[in-house]
Amino acid sequence: TMNLLELEETKRMRREEAAARLHALADALASNNEVEFERGDLRFRVHVPDDVDFKLEIEVGNDKREIEIELTW
């Protein structure tokens with residue numbers, strides 16, 4: 001199957017900016033049943049149901065560490 005929309009963003013930023021983005025997403029999830037994203041001229045909303053599957057993955061290697069958070073429904 002083909003995705004209707006897939007957006008991936010990788011950007012280097014300060015830890016505090018990453019935290020602010022996570023806070024904004026968490027606030028949107030806590031108070032609404034949808035989250036809104038803007039990328040340039042593109043604005044879209046994603047409906048989020050009351051129950052989601054939450055996945056947290058932590059990888060620690062010799063020269064790289066990764067925290068991956070995934071919500072699916």
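Two strands count as paired if DSSP finds at least two bridges between them. With that in hand, let's explore this predicted model through a few exercises.

**Exercise 1. Describe the hairpin formed by E1 and E2.**

*Step 1.* Find the two strands: E1 covers residues 34-39 and E2 covers residues 42-47.

*Step 2.* Check the pairing. Six bridges join E1 and E2 in the antiparallel sense, and the definition asks for at least two.

*Step 3.* Pick out one bridge: phenylalanine 37 has phenylalanine 44 in E2 as its bridge partner.

*Step 4.* Look at the turn. Two residues lie between the strands of this hairpin, and glycine 40 in the turn has a positive phi of about 65°.

**Exercise 2. Work out which residues are joined with glutamate 36 in one network of salt bridges.**

*Step 1.* Start with arginine 43. The side chains of glutamate 36 and arginine 43 meet in a salt bridge, at 3.6 Å from N to O. This is within the 4 Å cut-off.

*Step 2.* Move to arginine 45, which also forms a salt bridge with glutamate 36; here the closest N and O atoms are 2.8 Å apart.

*Step 3.* Compare their accessibility with the cut-off for exposed, which is over 50%. Arginine 43 is exposed because its relative accessibility is 52%, and arginine 45 is exposed because its value is 56%. Glutamate 36, at 37%, counts as partly exposed.

*Step 4.* Put the network together: shared partners link Glu34, Glu36, Glu38, Arg43 and Arg45.

*Step 5.* Set this beside the total, which is nine salt bridges. Another of the salt bridges joins the side chains of glutamate 16 and arginine 14, at 3.6 Å from N to O. In that pair, glutamate 16 is partly exposed at 41%, while arginine 14 is exposed at 59%.

**Exercise 3. Find the elements that give two or more residues to the nonpolar surface patch.**

*Step 1.* List the members: Leu22, Val52, Phe54, Leu56, Ile58, Val60, Ile67, Ile69, Leu71 and Trp73. Together they have about 1,100 Å² of accessible area.

*Step 2.* Match the members to elements. Strand E3 (53-60) and strand E4 (65-72) each give two or more residues, and E3 has the largest share, with four.

*Step 3.* Recall a general point: in a regular strand, side chains alternate between the two faces of the sheet.

*Step 4.* Zoom in on one member. Valine 60 lies in strand E3, and it is exposed because its relative accessible area is 65%, over the 50% cut-off.

**Exercise 4. Decide whether the protein chain is a compact globule or more spread out.**

*Step 1.* Get an overview: the chain has one helix and four strands, in the order α-β-β-β-β.

*Step 2.* Compare the two radii. The radius of gyration is 14 Å, well over the 11 Å that the globule rule gives for 73 residues, so the chain is more spread out than a compact globule.

*Step 3.* Add the dimensions: along its principal axes, the C-alpha trace spans about 40 × 30 × 30 Å.

*Step 4.* Look at burial and surface. Of the 73 residues, 5% count as buried. The accessible surface comes to about 7,100 Å², and carbon and sulfur atoms hold 49% of this.

*Step 5.* Turn to contacts. Among those between residues at least 6 apart in sequence, 15% join residues at least 24 apart.

*Step 6.* Finish with a distance. Glutamate 17 sits in helix H1 (residues 15-31), and its C-alpha atom is separated by 23 Å from that of phenylalanine 54, 37 residues apart along the chain.

Note on methods
Residues are numbered from 1 along each chain as its sequence is written. This is a predicted model: local features need pLDDT of at least 70, side-chain atom pairs count only at pLDDT 80 or more; totals for chains, interfaces and linings use all residues. Side-chain values use heavy atoms; hydrogens and water are left out. Patches are made of residues with over 30% relative accessible area and no salt bridge: like charges are joined within 9 Å, nonpolar side chains (Val, Leu, Ile, Met, Phe, Trp, Tyr) within 5 Å. Accessible areas come from the Shrake-Rupley method with a 1.4 Å probe; for residues, only the protein chains shown count as cover. Buried means under 20% relative accessible area, exposed over 50%, partly exposed in between (1.4 Å probe, protein chains only). The radius of gyration is taken over C-alpha atoms; the globule rule is 2.2 Å times the number of residues to the power 0.38. Contact means heavy atoms within 4.5 Å.
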